[in-house]
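Here's a quick tour of a ligand site and the pocket around it. Have a look at the sequence and the fold before reading on.

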Amino acid sequence: MKLIFATQNQHKRDEVQAMIGDNITVISLQDLNFRDELPETSESLEGNALQKAEFIYDKLHQNCFAEDTGLEIDALNNRPGVYSARYAGIGKNSNDNIHLVLMQMQGIQNRKSQFRTVICLIMDGETYYFEGTVKGIITSEKRGTSGFGYDPIFIPDGGNKTFGEMTNEEKNEISHRSKAMKKMLEFVESKNDR
Ligand code: IMP
């Protein structure tokens, strides 16, 4: 079974490739030399995941999936959430986003937060959703250089390393994205077996 992963984000592509078993082949947009920017203008993770998957399904007419992820911080009313990519404004980068979050969290005791991933799969014209979350806390400064996005300021519950201080394998074992991916892969494999 072949599935196209509708993303232009290289970090996400690499993470997902590392999670895939033998029965499913994931083809990236880069493999297809498809460079169009994907739309993500919705007010929800579900809406953005659907927009990206539909965009590719309409263009390429092949089974595909897309995901959208947000960092939801309790004390900031679940922000940055769906605005995670552009929290500090258009044209700003992950460092700027982290800087803004740390500034807004200054002096706040409640550091609870979660990463939430929603995957939208379009298979044979039907649409399915899968969700994965990981709970943790926001640090008061950046720690670690691996991963991407907000990884250096997020410590998942149960340890004291940030995602930015973990190897890819360590992050993949517990991450929001891997939980959502596992659900989708189980579903696709069960359909394949029928
Ligand atoms: P999007 O799902 O591509 O819209 O990603 C939103 C933003 O969330 C990205 O720009 C990253 O900064 C951040 N993000 C998404 N996934 C992760 C992750 O696994 N770790 C840290 N940050 C992430």
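What follows covers the ligand, its pocket and two bits of backbone geometry.

## What we're looking at

Keep in mind that this is a predicted model. The ligand sits in the largest pocket, so to speak the main stage of this report.

## Who touches the ligand

The shell around the ligand counts 15 residues, and those that come nearest are Lys-12, Asp-151, Lys-171, His-176 and Arg-177. By character, the shell splits into seven charged, four polar and four nonpolar residues.

Let's get to the polar contacts. Asp-151 turns up again here: an N or O atom in its side chain is 2.6 Å from a nitrogen atom of the ligand. Tyr-150 uses its backbone instead, with an N or O atom there lying 3.0 Å from a ligand nitrogen. Over at Asp-68, a side-chain N or O atom is 3.0 Å from an oxygen atom of the ligand. How much of the ligand does the protein bury? On its own the ligand exposes 480 Å², and 92% of that is buried by the protein.

## Which elements build the shell

Two elements give two or more residues to the shell around the ligand: β3, spanning 64–73, and α5, spanning 176–193. Strand β3 gives the most, with three residues.

## The pocket itself

The largest pocket has a volume of about 940 Å³. Its lining takes in 35 residues, and Asn-9, Lys-12, Glu-40, Ala-85 and Phe-148 are the closest to the centre. Lys-12 is worth a second look, as it is also among the residues that come nearest to the ligand.

Several elements put two or more residues into the lining: α1 (10–17), α2 (45–60), β3, α3 (94–104) and α5. Which element gives the most to the lining of the largest pocket? Here too the answer is β3, this time with four residues. As for chemistry, the lining divides into 17 polar, ten charged and eight nonpolar residues.

## Two backbone oddities

Now for the backbone. The peptide bond running from Arg-79 to Pro-80 is cis, with omega near 0°. Pro-80 is found in strand β4, which covers residues 79–80.

The other spot is Asn-33, a residue other than glycine with a positive phi, near 60°. Where is Asn-33 placed? Asn-33 is in the loop between β2 (25–28) and α2.

Notes. Residues numbered from 1 in each chain as written. Predicted model: local features only at pLDDT ≥ 70, side-chain atom pairs only at ≥ 80, totals over all residues. Heavy atoms only, no water. Near = heavy atom within 4 Å. Polar contact = N/O pair within 3.5 Å; in protein donor to acceptor, adjacent residues only side chain to side chain. Areas by Shrake-Rupley, 256 points an atom, 1.4 Å probe, with all protein chains shown as cover. 1 Å grid on protein atoms, 1.4 Å probe; cavity = no way out; pocket = protein on both sides within 12 Å on 5 of 7 lines; lining within 4 Å. Sits in = over half its atoms within 2 Å of the grid points. Nonpolar A, V, L, I, M, F, W, Y, C, P; charged D, E, K, R; others polar. Points joined across faces, edges and corners; volume = space filled by probe spheres on them.
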